[in-house]
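Here is a friendly walk through one protein chain, meant to be read with the structure open beside you. Take your time and follow each stop on the model as it comes up.

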Amino acid sequence: MREPLAAGTHVEGQIDWERRFDHTQQHSGQHLLSAIIWQELQAPTISFHLGESTSTINLSGGPITPHGLESVERIAHEILGEDRPVTSGYVSRAEAEAMLAAGQLRKLPDRQGSFRLIDIADCDKNACGGTHVRSTGQIGGLLVRSVEKVSRGVRIEFVCGLRAVRSARADFAILHKASALLSTGAAELAPTVERLLTDRHYQQLMAECDREIEQLMQRLDGKSDPRQNRPTPPANSGKQKHRKNQFYFEMAPELHRIFGVDLTAIPGISALTAHIVLAEIGPQLNRFPNAAAFASWLALCPANNKSGGKVLSSKTRQTNSRASRALRLAAQTLARSRSHLGSFYRRMRARLGAPQAITAAAHKLARIIYHMLATGQAYDETIFLEEDRKQAQRHEKRLRKQANAIGFQLVPIAA
Ligand SMILES: [Zn+2]
């Protein structure tokens, strides 16, 4: 409007009916909801807000239980279904005050003159100057979307008519998208999210533990001199995904510093295995006089259970040693290793079966670890050639002795 209208000017207006009807539905729904909550839960409406997408009612008192809410929604839909008339009429202040005293009115505005009363048949009378539906059926539907505790009571968010359908549709779209993202059904969404949060919580705890381990390890004296340019194991590339049981920091270089040798160079020995050896035994193996004592302590040698000269069992001792378990696990990973140790494991498995092969390979790993820690020598596969040669020598010596004892002689086949 360019200039103010003069009194008495004839104007023509047009109602945006879609908008008017929507507002009428929300507003009438609020009358109904406030009335039912007052009757059923004795919670008076203090204020309400009719918004662009949802509306709210502030109640004093509360809390509202799910059961209470359900009965309010049920009664509201019964009244909607009965399509009760909604009428309006005028009463004087005196009449209105009498009705208020008789409990026929919920409240009365603090002003003089006559009052326009909106009457939902057999349900509610309330003074109001707004726009209302002709009958409760026109409200179309009533959905309470949330109940939240606020400083002076409870706030109820609700929608009526087509808004109820739209908001339920929008809620479903969110639910559908979230469950698709987690590849789960809508009903499984909450437990799935709960599980993810728990997992993340434990991952954080594990990362914290690792940080503590890292700090503790940094306090341990190392055998390798950082000034010397010794080769450190290659660091994991940042692109790698974090795997289960993997440390959240570069464990291998730390272990190399402390042990003075890189145990992870041994096929099958991961940083985790080496760390378990460190945690259980320490950086030195002084307490074991030789490799055999070390392997025996780890219960990786057959301990013959003899009685009266008869071997009852040659199974290895049972042990709760974490290091022993870790070495057995490491031995199992040799099944796919192309190294000398890998072929040793596969040879033993073919001959003795997996359980014995695991013990034998774990025994070998224990001996290699002992040798490396005792001598400070790096892992070297060629050592095995020497070991194989020595073993063949021992074997030959034993056979010669046996042959000798029964009067035979061992003669090598001429090449
Ligand atoms: Zn009204």
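Let's begin with a pair of helices. The axes of helix 7 (residues 271-281) and helix 9 (residues 322-333) come within 9 Å and cross at roughly 160 degrees. That angle makes helix 7 roughly antiparallel to helix 9, since angles over 145 degrees count as such. The crossing of helix 7 and helix 9 is left-handed. On the helix 7 side, the residues that meet helix 9 are Thr273, Ile276, Val277, Glu280 and Ile281. Their partners in helix 9 are Arg322, Ala323, Ala326, Leu327 and Ala330. By class, this contact has seven nonpolar, one polar and two charged residues.

Please keep in mind that you are looking at a predicted model.

Two of those helix 9 residues come back at the next stop. Which residues does Leu365 touch, leaving aside residues up to four places away in sequence? They are Ile266, Gly268, Ile269, Leu327, Ala330 and Ala331. Leu365 itself is found in helix 11 (residues 354-375). Is Leu365 buried or exposed? Leu365 is buried, because 28 other C-beta atoms lie within 10 Å, and 20 or more are needed for that label. Leu365 and Ile269 are 96 residues apart along the chain, while their C-alpha atoms are separated by 8.3 Å.

Now to a second pair of helices. The axes of helix 1 (residues 17-41) and helix 2 (residues 66-82) come within 10 Å, with a crossing angle of roughly 130 degrees. Helix 1 and helix 2 are therefore oblique to each other, and their crossing is right-handed. From helix 1, the residues in this contact are Leu32, Leu33, Ile36, Ile37, Glu40 and Leu41. In helix 2 they meet Gly68, Ser71, Val72, Ile75, Ala76 and Ile79. Sorted by class, the residues of this contact divide into nine nonpolar, two polar and one charged.

The table sets out the extended spans of two further helices.

| Helix | Residues | Number of residues | End-to-end C-alpha distance | Expected span |
|---|---|---|---|---|
| Helix 5 | 189-219 | 31 residues | 45 Å | 45 Å |
| Helix 12 | 383-405 | 23 residues | 33 Å | 33 Å |

For helix 5, the distance from first to last C-alpha is close to the value expected at 1.5 Å a residue. For helix 12, the distance between the end C-alpha atoms agrees with the expected one. How many residues of helix 5 are buried? The number is zero, so helix 5 lies largely in the open. Helix 12 is hardly covered, with a count of zero buried residues among its 23. Just after helix 12, Gly407 takes a positive phi of about 80 degrees.

Positive phi values also turn up in residues other than glycine. Gln42 has a phi near 55 degrees and is found in the loop between helix 1 and strand 1 (45-50). Gln42 is exposed, because 9 other C-beta atoms lie within 10 Å. Asp122, another residue other than glycine, has a positive phi near 55 degrees. Asp122 has its place in the loop between strand 4 (115-120) and strand 5 (124-127). With 9 C-beta neighbours inside 10 Å, Asp122 counts as exposed.

Finally, step back to the whole chain. The protein chain has twelve helices and nine strands. Of its 415 residues, 25% are buried. Among contacts with a separation of 6 or more, 61% join residues 24 or more positions apart.

Methods
Residues numbered from 1 in each chain as written. Predicted model: local features only at pLDDT ≥ 70, side-chain atom pairs only at ≥ 80, totals over all residues. Helix = DSSP H or I, 4+ residues; strand = E, 2+ residues; numbered from the N terminus. Expected span 1.5 Å × (residues − 1). Buried ≥ 20, exposed ≤ 12 C-beta atoms within 10 Å, placed from the backbone. Axes fitted to C-alpha atoms, helices over the stretch in contact; angles between N-to-C directions. Parallel < 35°, antiparallel > 145°, perpendicular 65-115°, else oblique. Left-handed = near helix turned anticlockwise from the far one by under 90°. Contact = placed C-beta atoms within 7 Å. Nonpolar A, V, L, I, M, F, W, Y, C, P; charged D, E, K, R; others polar.
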